[in-house]
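Colleague: I should like to request a close look at one part of this structure, with its surroundings described afterwards in one connected account.

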Amino acid sequence: MNTDKKVAFYTLGCKLNFSETSTIARNFVNEGFERVDFDAKADVYVINTCSVTDNADKRFKTIVKNALKKNEEAFLIAVGCYAQLKPEELANVDGVDLVLGATEKFNVTSYINDLTKNNIGEVHSCEISDADFYVGSYSIGDRTRAFLKVQDGCDYKCTYCTIPLARGISRSDTLENVIENAKEISSKGIKEIVLTGVNIGDYGKGEFGNKKHEHTFLELVKELDKVDGIHRLRISSIEPNLLKDETIDFVSKSNSFVPHFHIPLQSGSDDLLKKMKRRYLKNTYTNRVSKIKEVMPNACIGVDVIVGFPGETEELFLETYNYLNYLDISYLHVFTYSERPNTEAVNMEGVVAKKVRAKRSKMLRGLSAKKRRAFYESQLGNTLTALFESENKEGYIYGFTENYVKVKTPWNPELINTLHTITLTEIDEDGLVRFDFVKEKAIV
């Protein structure tokens, strides 16, 4: 397909979606398209959707409208989780021409003919049971870090979650392929790789279309640590029951893995964890946090938590709040429970009023701000390394330390995508951290 057409992308949702958008974008570029920003005029707009929150569903229509304002003749494509779950609903949105499901999205260019707009969106969406092959992907070129997908799908049956319906069974990339992708990323001068997947602790399952683990997550981590040229490896999000002590010990001594873990909790109440069909109780979570802090006292630990799940009384919410308050963690990602069709939780009793959900969410967001501030305070005076990003925001450049402290300094383009040794000095009024350079020269 030789073309001088322009294509733009908008990604909703998780890091995994960003890595997949990058892979899809490379397919377009290989077909001769020029990639432009989403707020520019393009011939094709691709929206990678999410099904995790209500908000993501509603935003889809707004994004479509914005694209059509730029070019009312543009060809609009919806892909991703929501496109798999409710393809007809998206196809009926005014202006949408093509909806592709979980497996079809990686061959998007083969579904495009002459870019003539359709009266109603055309749907190509497999039965989710057919989503049993693995497509490796990674995002590159738009950040100082790359997101490397190592696993897809999930075999867990959490009662609030549609991801198994949207992404299919748990399956993994081969170890050889992950290592090849990592080498390719490092050869492009990218300093940090974030490992992503739907349930990455389950890595190794289904490499050969079965449930036998050919490799474990720990083996993956050990092999990646040997790849030359990668300065930082970050584990994005891993279930507490799948984060083993051996992995924590290895990370604490590794060459490249950084002391930052994001571990979903969802509730600090054992009663609710059972109703959610999570695969652990609070005690396991407490042990994970203790183990990390024992071997990596400066580690950053992020937590996912859901408020307003059916049956969450005021008492059970306070149990979660107090548990998180006491726990040695660094920040929270707070999700307000929203009803999803075809999930068990939809039919559960004890529905929490929307207003109450909003209030509890606000309380936990306030706790998160306090936790982050306390964590940043605990790091003042420490000498760390910062990797600087490429954006100039109001005259400042921003970066992240290995343990995920966000730092800022006056804009200097020479710092972009460089690693520097710094000493953290004070917290600015915007809550970010100022620092002194230990050496003017970059490490790399």
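Is Asn412 buried, partly exposed or exposed, and what is its relative accessibility? Please continue from there to the other individual residues and to the helix packing.

Modeller: The model is a predicted one. Asn412 has a relative accessibility of 28%, and because buried means under 20% and exposed means over 50%, this residue counts as partly exposed. Asn412 is placed in the loop that joins β17 (406–410) to β18 (419–427). From this loop, the side chain of Asn412 reaches the backbone nitrogen of Glu414 at a distance of 2.9 Å. Asn412 can also be related to Asn392: the two are separated by 20 residues in sequence, and their C-alpha atoms lie 8.6 Å apart in space.

Ser170 is another loop residue, situated between α5 (163–167) and β9 (171–172). Its relative accessibility is 1%, so Ser170 counts as buried. The side chain of Ser170 makes a polar contact, at 3.1 Å, with the side chain of Gln151.

Two further residues deserve attention for their backbone geometry. Gln266 is not a glycine, yet it has a positive phi of about 80°. Gln266 belongs to strand β12, which covers residues 260–266, and with a relative accessible area of 9% it is buried. Asn342, likewise not a glycine, has a positive phi of about 65°. Asn342 is located in the loop between β14 (331–336) and α12 (354–379), and its relative accessible area of 71% makes it exposed.

The helix packing may be followed from α8 through α10 and α11 to α12. Helix α8 (residues 245–253) packs with α10 at an angle of about 25°, the axes being 10 Å apart. Because angles under 35 degrees count as roughly parallel, α8 is roughly parallel to α10. The crossing of α8 past α10 is right-handed. On the α8 side, the contact is made by Asp245, Ile248, Asp249 and Ser252, and on the α10 side by Arg288, Lys291, Ile292 and Val295. By class, the residues of this contact of α8 with α10 comprise three nonpolar, one polar and four charged.

Helix α10 (residues 282–295) in turn packs with helix α11 (residues 314–326) at an angle of about 15°, with 12 Å between their axes. That angle makes α10 roughly parallel to α11. Here too a right-handed crossing is found, as α10 passes α11. Lys282, Tyr285 and Thr286 of α10 meet Glu319, Tyr323 and Tyr326 of α11. The contact of α10 with α11 has three nonpolar residues, one polar residue and two charged residues.

Finally, α11 and α12 pack at an angle of about 10°, and their axes are 11 Å apart. That angle makes α11 roughly parallel to α12. From α11, the residues Glu314, Phe317, Tyr321, Leu324, Asn325 and Tyr326 meet Lys359, Arg360, Met363, Leu364, Leu367, Lys370 and Lys371 of α12. The residues of the contact of α11 with α12 are divided into seven nonpolar, one polar and five charged. Tyr326 of α11 thus appears in the contact with α10 and in the contact with α12.

Terms used:
Residues numbered from 1 in each chain as written. Predicted model: local features only at pLDDT ≥ 70, side-chain atom pairs only at ≥ 80, totals over all residues. Heavy atoms only, no water. Axes fitted to C-alpha atoms, helices over the stretch in contact; angles between N-to-C directions. Helix = DSSP H or I, 4+ residues; strand = E, 2+ residues; numbered from the N terminus. Parallel < 35°, antiparallel > 145°, perpendicular 65-115°, else oblique. Left-handed = near helix turned anticlockwise from the far one by under 90°. Contact = heavy atoms within 4.5 Å. Nonpolar A, V, L, I, M, F, W, Y, C, P; charged D, E, K, R; others polar. Buried < 20%, exposed > 50% of the residue type's maximum accessible area, 1.4 Å probe, protein only. Polar contact = N/O pair within 3.5 Å; in protein donor to acceptor, adjacent residues only side chain to side chain.
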